[in-house]
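Open the model in your viewer and keep the selection tool ready. This tour goes stop by stop.

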Amino acid sequence: MNLKRLFLATISGMLINSSCTHAQEYSYNLKFTVSRKNFVDSIPIEFNNGKIIIKAYSGGKIYRFFLDTGSSQGVLYRNGSLRHIRERGIITSHDANGNSNKIMAVEFPTFKIGSLEISGYCGSQLTLQPNSDDHDAIIGFDLFNKGLLAKIDVASGYMILTDNRHYFDNEYGYEMKYRLLRWVPNVKLSPFIKCTDEARFDTGSRRLYEMGNRSCGIFMKEMSEFSSQIESETHGSRTIASFGTERNATMYFLHLDRLMMGGFSFLDYHTITTQGNSRIGSELLNYGSVIINPYRKLIIFCPYEDNGYLDISNKQTDIAFVPSSNGKACVGMIWEGSPHYQNGFRQGDTILSVNGTTIESFNTFLTYPFIQGYTYTFVVVGNDGTIRTIQSER
């Protein structure tokens with residue numbers, strides 16, 4: 001069993017929402033400037049580990065920007081390589097788990113993506129985590145709220161960016177109308193016959209689809225047939241957002257017969273619920289390109305192979321590791337039907353060591369040099385204080 005993707009908890013994007021009540025507060029706005037009009041540009045992108053990475057140029061240096069449609073504005077890191085040029089004020093920020101905090105909004109230095117120069121761009125200031133060192137900054141959905149259209153095609157390795165509102169009018173795809181909630185796009189989809197869910201289009205999340213617990217509860221209450229889509233349930237947490245891990249709660253393992261987005265069906269899809277909002281993640285880009293049209297408020301999915309459906313037949317996520325309240329690495333969630341459970345892992349287990357190396361913190365665990373296919377010896381301590389040894393293949 002390959003545990004590489006299981007050992008990393010999902011880290012989701014950040015939402016911005018604030019009101020300007022006095023001078024030192026900063027509110028969401030689109031006052032940044034772009035250097036070109038009536039343009040079309042093809043911008044090279046990378047797609048690594050579910051992240052869309054764009055090269056940006058500033059001060060004669062090359063930086064890597066993570067394109068996160070679940071973040072309403074950008075993010076700069078106080079301990080990162082790209083430094084802000086000025087502080088703009090305090091902003092109230094909401095993360096993907098619904099937690100909020102007051103943080104500093106800062107102005108980026110002028111930068112270029114492709115042939116487009118962007119000045120006065122602002123974002124939130126956060127601390128760069130060890131598992132996020134593959135990028136220098138985040139650029140958010142305000143790039144599109146500004147009035148720029150895009151086609152993101154990871155198969156070709158390009159994003160087409162334009163201010164021509166009719167440029168993609170002749171493109172064929174499956175349309176999903178979106179509405180802005182806290183300045184990020186939310187679309188309607190159908191995870192089961194006669195069920196409608198609203199999900200955030202969030203490339204900061206990696207899974208094709210995660211269902212919010214609130215939506216799952218409504219479906220179970222209002223449609224008895226929906227129980228056929230539930231494989232199992234557990235109690236725990238899995239998603240890490242900007243201001244911490246989601247709270248421990250009941251989570252449901254789902255096996256969806258079909259997931260329909262804009263009339264296109266994804267068949268035989270395993271997923272899990274989350275305490276935050278439902279969301280569509282960057283896995284969608286493995287199956288087709290996506291057009292963002294802010295004038296018509298459309299997300300358009302253009303499948304690489306269009307039969308009207310796609311059989312996913314993926315494996316269920318059966319374990320996740322999250323930081324505990326004291327910063328240690330612990331099992332946030334585990335499926336009782338999984339090999340990991342059979343090997344001895346339990347929800348709440350804290351990792352003490354791996355192959356004799358002490359795991360002092362969650363960050364230590366994230367940076368441990370695991371190799372795919374190897375079996376490792378984990379020493380853990382359970383909620384009852386019992387220390388156990390578990391062997392598991394990476």
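Two strands count as paired if DSSP finds at least two bridges between them. Keep that in mind for the opening stop. Note also that this is a predicted model.

**Stop one: a hairpin**

Select residues 319–323, which form strand 28. Four of these five residues are buried, so strand 28 is largely enclosed by the rest of the structure. Now add residues 329–334, strand 29. The two strands run antiparallel, and five bridges join them. Pick V322 and look across to strand 29: C330 stands opposite. Then move to the turn. Five residues lie between the strands of this hairpin. One residue to click is G327, which takes a positive phi near 85°.

**Stop two: strand 4**

Select residues 51–58 to show strand 4. Go to S58, which belongs to this strand. Is S58 buried or exposed? Its relative accessible area is 8%, below the 20% cut-off, so S58 is buried. Which residues does S58 touch, leaving aside neighbours within four places in sequence? Select Y63, L82, P109, T110 and F111 to see these contacts.

Stay in strand 4 and click K51. K51 is also buried, at 7% relative accessibility. Show the side chain of D134 as well. The two side chains meet in a salt bridge, 3.0 Å from N to O. D134 sits in the loop between strand 11 and strand 12, while K51 is in strand 4, so the pair ties together parts 83 residues apart in sequence. Unlike buried K51, D134 is partly exposed, with a relative accessible area of 26%.

**Stop three: strand 15**

How many salt bridges does a search of the whole structure find? The count is nine. Two further ones involve strand 15, so select residues 174–181.

Begin with E175. Its side chain meets that of R296 in a salt bridge of 3.7 Å, N to O. R296 lies in the loop between strand 25 and strand 26, 121 residues from E175. Both partners are partly exposed: R296 has a relative accessible area of 38%, and E175 has 42%.

Next, click R179 and E198. They form a salt bridge, with the closest N and O atoms 2.7 Å apart. E198 is in strand 17 and R179 in strand 15, 19 residues apart. E198 is partly exposed at 25%, and R179 is partly exposed at 43%.

**Last stop: a network**

Select R86, R88 and E107. Salt bridges that share partners join these residues into one network.

Methods. Residues are numbered from 1 along each chain as its sequence is written. This is a predicted model: local features need pLDDT of at least 70, side-chain atom pairs count only at pLDDT 80 or more; totals for chains, interfaces and linings use all residues. Side-chain values use heavy atoms; hydrogens and water are left out. Helices (H or I, at least four residues) and strands (E, at least two) are DSSP runs, numbered from the N terminus. Buried means under 20% relative accessible area, exposed over 50%, partly exposed in between (1.4 Å probe, protein chains only). Contact means heavy atoms within 4.5 Å. A salt bridge is a side-chain nitrogen of Lys or Arg within 4 Å of a carboxyl oxygen of Asp or Glu.
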